[in-house]
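Dear colleague,

Please find below the structure I promised to pass on to you. My notes on it follow directly after the display.

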2 protein chains.
Amino acid sequence: MIGWLAIAGLGPGAAQLVTPEVTEALAEATDVVGYEPYVMRVPPRAGLTRHGSDNREEIDRASLALRLAAQGRRVVVVSSGDPGVFAMAAAVFEAIDAGDPSWRDLDVRVLPGISAMFAAAARVGAPLGHDFCAINLSDNLKPWELIERRLRLAAQADFVIALYNPLSSARPWQLGRAFELLREELPGSVPLVFASAISDAREAIETVTLRDAVASRADMRTVVLVGSSRTRLIVRADGSRFVYTPRSAGVSP
Amino acid sequence: MIGWLAIAGLGPGAAQLVTPEVTEALAEATDVVGYEPYVMRVPPRAGLTRHGSDNREEIDRASLALRLAAQGRRVVVVSSGDPGVFAMAAAVFEAIDAGDPSWRDLDVRVLPGISAMFAAAARVGAPLGHDFCAINLSDNLKPWELIERRLRLAAQADFVIALYNPLSSARPWQLGRAFELLREELPGSVPLVFASAISDAREAIETVTLRDAVASRADMRTVVLVGSSRTRLIVRADGSRFVYTPRSAGVSP
């Protein structure tokens, strides 16, 4: 048996958002490796071993997957969203770069998925319709000062900003500090979206303004979208709102 | 019949990258509206009218789709990639915002797709594994000065940068100017990927360095990924390379 490793994106939650390419890889796999709740999204079947692990163990998980593929197993590493966006793909390539030299010649593919930021954006309209950036707010792997610097530069560039991993019990103050800093750089009136658990049963979306945003509204499953100076609301008869950023832009703020 | 409008992402090209949600909407549609080559990706069938149009007519196309939905038709506006990323979703919401007030109460949904930047990233590894941004290089709808400002700020933030719409016959010099400017801000050694026509028969991918990048390599179907100062290459026995950006970062450059 010739082994392979696919790093696959399961999308934000709903089966309707999993690509046929990923479904096919999972059907051919002998092993699924990943964070336990994502692994559990793959139904059990004969011939498939599911290796669930804790959230903090990306490199161990990547190394396990590489060892299995080197042994001839057909391995899918699962991520939610897109595997290339603050997820398992970078961890696997870090493990390849630092690990057994033979690993670099394994059959390794990345299978893209619907990212949390695009699923969240789709739910409210088209907030990412103009230039945008994505910033991981976790300071586990980079200094907080770098995150602050990026937030300021992103606001000065008038990007729409998607914030990943905004808050956890171990990182309780970072999102509030990010909001303070963004309020110094952007009008308080810019729309801000909290989008949680998109496309699953616990989906919750709230559109507020940067001025009124309260960090405790977010949790580990939330993506926060911060509008640019051009982002607009369309109010509907039922009180709901579309959020979108026009394609055109005048001079920068 | 109650009309609706879905703005759907067809992904970069391959049928294996179209979500079941989009496939289902297309199966229920009476009308498909979009840029001619994308509309032609939807097979003809009885009961389906395909409305193809030229590339420059986004607002006319959006208005047509909204009029059809208001008449009770089931309309899918198709984009390549993700519809919310430099594609038709923003154009439809612009048309709603400026158009017939009754349009804002139509049943309008956005169905996300696999974006060109994530499909391109997946093909080479995990170049977007750390903080990143996406900039539309077209100056049709924004001043070139704003684009230059964003490029400089993005490089100073040490984002990985995805450049959409890098070059066309009507915009021949912009990408070359962008490379010049980025060379002033970033080490010449950062990896740079030209990714064209991802997942279709004409797919072409080339990894070079910022120093050696030649703008004429790109065309209208190319996404350019510019690495950050941390982006790395892994060279394989067959001479191919993986490109990835580690999750961790030290101080900014």
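I begin with Asp97(B), which, leaving aside residues up to four places away in sequence, touches Arg232(A), Ile234(A), Tyr244(A) and Arg104(B). Please bear in mind throughout that this is a predicted model. Asp97(B) is part of helix H4 of chain B, which covers residues 88–98. With a relative accessible area of 17%, Asp97(B) is buried, since the cut-off for that class is under 20%.

The relation between the chains

In general, two copies of a chain are related by a rotation about an axis and a shift along it. Here, a turn of 180° with a shift of 0.0 Å along the axis lays chain A on chain B with an RMSD of 0.0 Å. This is the relation of a two-fold axis. Within chain A, Cys133(A) has the C-alpha nearest the axis, at 1.9 Å from it. Both copies use the same surface, as 100% of the contact residues of chain A recur in chain B.

Helix H6 in both chains

Helix H6 of chain A (residues 144–156) packs against helix H6 of chain B (residues 144–156) at an angle of about 175°, and their axes are 9 Å apart. The two helices, H6(A) and H6(B), are therefore roughly antiparallel to each other. On the side of H6(A) the contact is made by Arg149(A), Leu153(A) and Gln156(A), and on the side of H6(B) by Arg149(B), Leu153(B) and Gln156(B). By class, the residues of this contact of H6(A) with H6(B) are two nonpolar, two polar and two charged.

Within chain B, H6(B) also packs against helix H7 (residues 174–185), at an angle of about 35° and with the axes 10 Å apart. The crossing of H6(B) and H7(B) is right-handed. From H6(B), the residues Trp144(B), Glu148(B), Leu151(B), Arg152(B), Ala155(B) and Gln156(B) take part. They meet Gln174(B), Arg177(B), Ala178(B), Leu181(B), Leu182(B), Glu184(B) and Glu185(B) of H7(B). The contact of H6(B) with H7(B) comprises six nonpolar, two polar and five charged residues.

Helices H3 and H4 of chain A

How do H3(A) and H4(A) pack, and at what angle? Helix H3 of chain A (residues 58–70) and helix H4 of chain A (residues 88–98) meet at an angle of about 65°, with their axes 8 Å apart. That angle makes H3(A) roughly perpendicular to H4(A). Their crossing is right-handed. H3(A) contributes Glu58(A), Ile59(A), Arg61(A), Ala62(A), Ser63(A) and Leu66(A) to the contact, while H4(A) contributes Met88(A), Ala91(A), Val92(A), Glu94(A), Ala95(A) and Ile96(A). The contact of H3(A) with H4(A) has eight nonpolar, one polar and three charged residues.

Helix H5 of chain B

Helix H5 of chain B (residues 116–124) has seven of its nine residues buried, so it is largely enclosed by the rest of the structure. The buried residues of H5(B) are Met117(B), Phe118(B), Ala119(B), Ala120(B), Ala121(B), Ala122(B) and Val124(B). Gly125(B), just after H5(B), takes a positive phi of about 140°.

Residues in loops

Two residues other than glycine have a positive phi and may merit a look in the display. Asp158(A) has a phi near 60°. Asp158(A) is placed in the loop between H6 and strand E8 (160–164) of chain A, and is buried, with a relative accessible area of 3%. Ser199(B) has a phi of about 75°. Ser199(B) lies in the loop of chain B between strand E9 (191–196) and strand E10 (204–209), and counts as buried at 16% relative accessibility.

Ser138(A) is found in the loop between strand E7 (132–136) and H6 of chain A. At 11% relative accessibility, Ser138(A) also counts as buried. Which residues does Ser138(A) touch, not counting those up to four places away in sequence? They are Ile147(A), Tyr164(A), Asn165(A) and Arg171(A). The C-alpha atoms of Ser138(A) and Gln174(A) are separated by 8.1 Å, although the two residues are 36 residues apart along the chain.

With kind regards

Conventions:
Residues numbered from 1 in each chain as written. Chains lettered and ligands numbered in written order. Predicted model: local features only at pLDDT ≥ 70, side-chain atom pairs only at ≥ 80, totals over all residues. Heavy atoms only, no water. Axes fitted to C-alpha atoms, helices over the stretch in contact; angles between N-to-C directions. Helix = DSSP H or I, 4+ residues; strand = E, 2+ residues; numbered from the N terminus. Parallel < 35°, antiparallel > 145°, perpendicular 65-115°, else oblique. Left-handed = near helix turned anticlockwise from the far one by under 90°. Contact = heavy atoms within 4.5 Å. Nonpolar A, V, L, I, M, F, W, Y, C, P; charged D, E, K, R; others polar. Least-squares fit on C-alpha atoms with pLDDT ≥ 70 in both. Buried < 20%, exposed > 50% of the residue type's maximum accessible area, 1.4 Å probe, protein only.
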